[in-house]
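Reader: I would like to go through this model with you, a few points at a time. Could we begin once it is on the screen?

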Amino acid sequence: MAFTVKMAIAAMEKFNAVIEEKKEYLTDLDSAIGDADHGINMNRGMKRIMEKVRGKEYADFGGIFRDVAMTIMSVVGGSAGPLYGTFFMKFGQKLGTKSEASAGEMADALQEGLAGVMSLGKSAPGDKTMVDSLEPALRALKESADGDEAAAWNKAVAEAEKGVEATIPMLARRGRSSYLGERSIGHQDPGATSSLYLISCFRDAFLEG
Ligand SMILES: Nc1ncnc2c1ncn2[C@@H]1O[C@H](COP(=O)(O)OP(=O)(O)O)[C@@H](O)[C@H]1O
Ligand SMILES: [Mg+2]
């Protein structure tokens, strides 16, 4: 079974719902090591994205993720808007005019998105950011993409969960939390957490078909 544009729209719909449900939690995480707005930022962005995307016809991944990227960049300030915007833009550009993608193609395109985040954020694994859930998740998706695709997506989500846990003992080296130095240790990164939700929404949309 291929990943389709319809699944991509469903994934965005799910991500919007999860962010709505978890906005206080994400904001609580950000209040410990940031400025208590990550849930609010993501909620505002995803709401506006769905207002734009819902009911529109998209022929390809490039089209929908251009709208997703442009909207989140224009609505969300701070770090998350440009970082998620770049992620979705590079991801969509890599898939371009495709309307279906295998798990391997999805992994490659999502990895382009991640490369965009790392380049814009000057961040690497271990810096205590969204990179720490995305990188292991997408590596697992890529490595297991040639077998059972549902299993590959499940593996990706499991690795993202571990990645989020792994941010707790990390010292923040990028973004607002890095201003805290040693005091950032012992707290879970909000952006890594929202990125886990994103990967799990892609997985759920794929499994539901
Ligand atoms: N340079 C960076 N590279 C990658 N991710 C980053 C970077 N700076 C911040 N982030 C991510 O953004 C999240 C914070 O998002 P948010 O609170 O919405 O923005 P802000 O930090 O501007 O308030 C962090 O938890 C982290 O995961
Ligand atoms: Mg913040």
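Reader: Which residue follows H5, and what is the sign of its phi?
Author: In this predicted model, H5 is followed by Lys122, whose phi is positive, near 50°.

Reader: And the helix itself: how many residues does H5 have, and how far does it reach?
Author: H5 has 19 residues and spans 26 Å between its first and last C-alpha, close to the 27 Å expected at 1.5 Å a residue.

Reader: Which residues of H5 are buried?
Author: Among them are Ala103, Met106, Leu110, Gly113, Leu114, Val117 and Met118.

Reader: What covers them?
Author: The cover over the buried residues of H5 includes strands S1 (3-4) and S2 (100-101), together with helices H4, H6 (131-144) and H7 (149-167).

Reader: Turning to ligand 1, which residues come nearest?
Author: Of the 24 residues around ligand 1, the nearest are Gly78, Ala80, Gly121, Gly175 and Gly191. The elements that give two or more residues to this shell are H2 (38-53), H4 (80-95), H5 (103-121) and H8 (190-208).

Reader: Which element gives the largest share?
Author: H8 does, with 3 residues.

Reader: How does the shell divide by class?
Author: Around ligand 1 there are 10 polar, 7 nonpolar and 7 charged residues.

Reader: A different topic: is Glu21 buried or exposed?
Author: Glu21, which lies in H1 (residues 5-33), is exposed, because 11 other C-beta atoms lie within 10 Å and the cut-off for exposed is 12 or fewer.

Reader: What separates Glu21 from Lys56?
Author: Their C-alpha atoms are separated by 25 Å, and the two residues are 35 residues apart along the chain.

Note on methods
Residues numbered from 1 in each chain as written. Chains lettered and ligands numbered in written order. Predicted model: local features only at pLDDT ≥ 70, side-chain atom pairs only at ≥ 80, totals over all residues. Near = placed C-beta within 6 Å. Helix = DSSP H or I, 4+ residues; strand = E, 2+ residues; numbered from the N terminus. Nonpolar A, V, L, I, M, F, W, Y, C, P; charged D, E, K, R; others polar. Expected span 1.5 Å × (residues − 1). Buried ≥ 20, exposed ≤ 12 C-beta atoms within 10 Å, placed from the backbone. Contact = placed C-beta atoms within 7 Å.
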